[in-house]
Amino acid sequence: MPSARRMILGHVMSGLCTKMNRTKQLPADLMETPLNRCLNTFDITLLGIGHMVGAGIYVLTGTVAREMAGPAIVLSFILAGLVSLLAALCYAEFGTRVPKAGSAYVYTYVSIGEFWAFVIGWNIILEHMLGAASVARAWSGYVDSMLGNIVANITMEITGEMHEQLLAKYPDFLAFFVCISYAVALAAGVKATAMINSILTTVNVVVMALVVVLGFWYASPDNWSLPEQGFMPYGFGGVLAGAATCFYAFVGFDSIATSGEEAKNPSFSIPLATILSLCVVTVGYVLVSAALTLMIPYNEINPAAALPDAFGMRGITWAKYAISTGAICGMTTTLLGSLFALPRCLYAMASDGLLFSCFGKVNTKTQVPLLNLALSGICSALLALLFDLEKLVEFMSIGTLLAYTIVSASVIVLRYRPISVEETVHLAPDTPGTDEEDGGPTLPGSGAPGAPGGGIDSSSQSSTIDPSSPTSEMIEIALAGRLRPQFRWLEPVLGRCEPGVACSGAVLMFCVLSVAVCFQLENSWDELYNGTWWALGLYGFLLFCLVACVVVISAHHQNTRGLQFKVPFVPYIPALSIFCNIELMVHLSFLTWLRFFIWLSIGMLVYFLYGIHNSKEGELGTSYSMLMSTSEAIRGWGSTSTALGGGTKVTVTKIIKGRISRKTAGDRQAIVDDDDDEDS
């Protein structure tokens, strides 16, 4: 009986792991969707700018300059922008690969597996909910400060203060109604939303330009070199702390990827809009923060309303009102961006069966998931009602950084993963020389038995194949995830690994080692700085292992076919993005991590009690396996050697391998398919 129990338990656990690691199979027509594809590149770019330029520039700028970095806030924004750019490049490539709603959730589902996709999707839901709530709270606070805190005073007189430490000082009913109102406005449809966003974003950009021009006109360079203060009054540690906070200001470019299912030409628009919007926003933040700290000393900045007060101190009263108008427009577009992205993430997860099916319904008239929008508005409004801005912002950062980390890792995994079954079968008929019975042409360089150049060495493929030919494409596909010729010395260690497995393992090890390095930097920086022997030895070993992981990844062939936009310098840029995101994550407080794990625990209940059993990929896999289990089905496809249920074996890849390699260096015979020999 104990052995029977172990067998049953082993079977159950094996099936559970298979379900958790199954990946999403993309449909043949990626452009097919019940949503309305009506957004052009300009609309999507303004959507990204509008989502990023809001509370960050009008609220965070004053707080970071006064309390964290001083005039060096300029460096904080540059560092935060560079870290965001690393992640944005990875998002842009995925936007080309997968033009679907859901952003990082869909990307993870396609590349890593269902469990991690659910974790990311669950955190994106939290990110956008907290983002909408935090901006609504900032919107309310900004308007209230302009009115002399009338709203806060009246509310506290009626309701009294909330003395719970985790909650805000008072319930913010204005922020509650702002969330509900904008959710109702979004129900009009995506085109109307894009039009409203474009108008408000344009006003906001004009106000930013006004702030920069007037700020530099009234600038005083002495404000960057105050006595006993200097440019970095809080030191480089203050710059890093400011960068971690300023990172919040760039959260929002992932809403561009979320709009992929409503873009007219997503493979072109998503990458271009992502890079353009992030560059515009980074330059804008740097110029505005420089203008602010040059106008007045950093220790005189009012964190609640930095820009209007700065111009008021300079006697430019009319500019104060213009800036307040821009602030309201900017925070409105940021709120619209969060409430725009959240329902679409719910829709993507429900469409895959991981969330309740009611969230996968789209209104036929407006082509908007109205139930999702209503739920998003209500939940965000409740958070804005009860929590203050500081707690919302800190809690939001952890989910965002985790999503960025996994997207960066997914780019590496997909670059070195062999071609999928569907793509291989689709490409195989177009390959020259696939059908010898018709006397089709053979690969370039192949010829009659014994003819010179009759075979192709794997070490000289790139020089003997025309890069633009279909044959070259098939060769690149076949080599994906395999060792490069110059790294053959790694074969004793990695030679037995399936293509792509060594790269995926190296990515996982790189993430784990990055966590170890960042935690050690956080806890034992003084020992390292003072040159303690054990600290130097430990960091040396960890850094050696990190570099070894990157070397193992870069030692393999990539597959970049079909990508209109590619992240440059893979795996180096995604690896740097992973490390930077983890470094920012370890600076978050323990209470933030505790809240995160509570939220994640709720998500695990949803996944294991509902999602894992109702996944559409599970249904497809089961029915497909049953179809392909018969010998008739195998003969009908003609390109599979086993059932396509658990582990698919495709002999098309064998055909390609047989055509591009030789068993021995002296082999001059014509290239013959292994399957042809078996059939004969």
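Author: A helix here is a DSSP run of H or I with at least four residues, and helices are numbered from the N terminus. The model is predicted.

Reader: Where is the place of Phe236?
Author: Phe236 belongs to a nonpolar surface patch, along with Met232 and Leu240 among others. Helix 10 spans 235-250. The place of Phe236 is in helix 10.

Reader: Which element gives the largest share of the nonpolar patch?
Author: The patch joins Leu75, Ile78, Leu79, Leu82, Met232, Phe236 and Leu240, with about 580 Å² of accessible area together. Two elements give two or more residues each: helix 4 and helix 10. The largest share is four residues, and its source is helix 4.

Reader: Is helix 4 roughly parallel or roughly perpendicular to helix 5?
Author: The axes of helix 4 (residues 73-97) and helix 5 (residues 104-111) come within 10 Å and cross at roughly 70°. Angles of 65 to 115 degrees count as roughly perpendicular. That crossing therefore makes helix 4, relative to helix 5, roughly perpendicular.

Reader: How many charged residues are in the contact of helix 4 with helix 5?
Author: Helix 4 brings Tyr91, Phe94 and Gly95, while helix 5 brings Ala104, Tyr107 and Ser111. By class, the contact has four nonpolar and two polar residues. Gly counts as polar in this scheme. The number of charged residues is none.

Reader: Which peptide bond is cis?
Author: Look at the loop between helix 23 (533-554) and helix 24 (572-585), where Pro571 sits. Phe569 is in that loop too, and Phe569 has a positive phi of about 55° although it is not a glycine. The cis bond has omega near 15° and runs from Val570 to Pro571.

Reader: How many residues apart in sequence are the parts that Asp352 and Lys24 tie together?
Author: The whole structure holds five salt bridges. In one, Asp352 pairs with Lys24, and the closest N and O atoms are 2.5 Å apart. Asp352 lies in the loop between helix 14 (317-351) and helix 15 (370-386), and Lys24 in the loop between helix 1 (2-21) and helix 2 (41-52), so the separation of the tied parts, in residues, is 328.

Methods. Residues numbered from 1 in each chain as written. Predicted model: local features only at pLDDT ≥ 70, side-chain atom pairs only at ≥ 80, totals over all residues. Heavy atoms only, no water. Axes fitted to C-alpha atoms, helices over the stretch in contact; angles between N-to-C directions. Parallel < 35°, antiparallel > 145°, perpendicular 65-115°, else oblique. Contact = heavy atoms within 4.5 Å. Patch = residues over 30% accessible without salt bridge, like charges linked within 9 Å, V, L, I, M, F, W, Y side chains within 5 Å. Areas by Shrake-Rupley, 256 points an atom, 1.4 Å probe, with all protein chains shown as cover. Salt bridge = Lys/Arg side-chain N within 4 Å of Asp/Glu carboxyl O.
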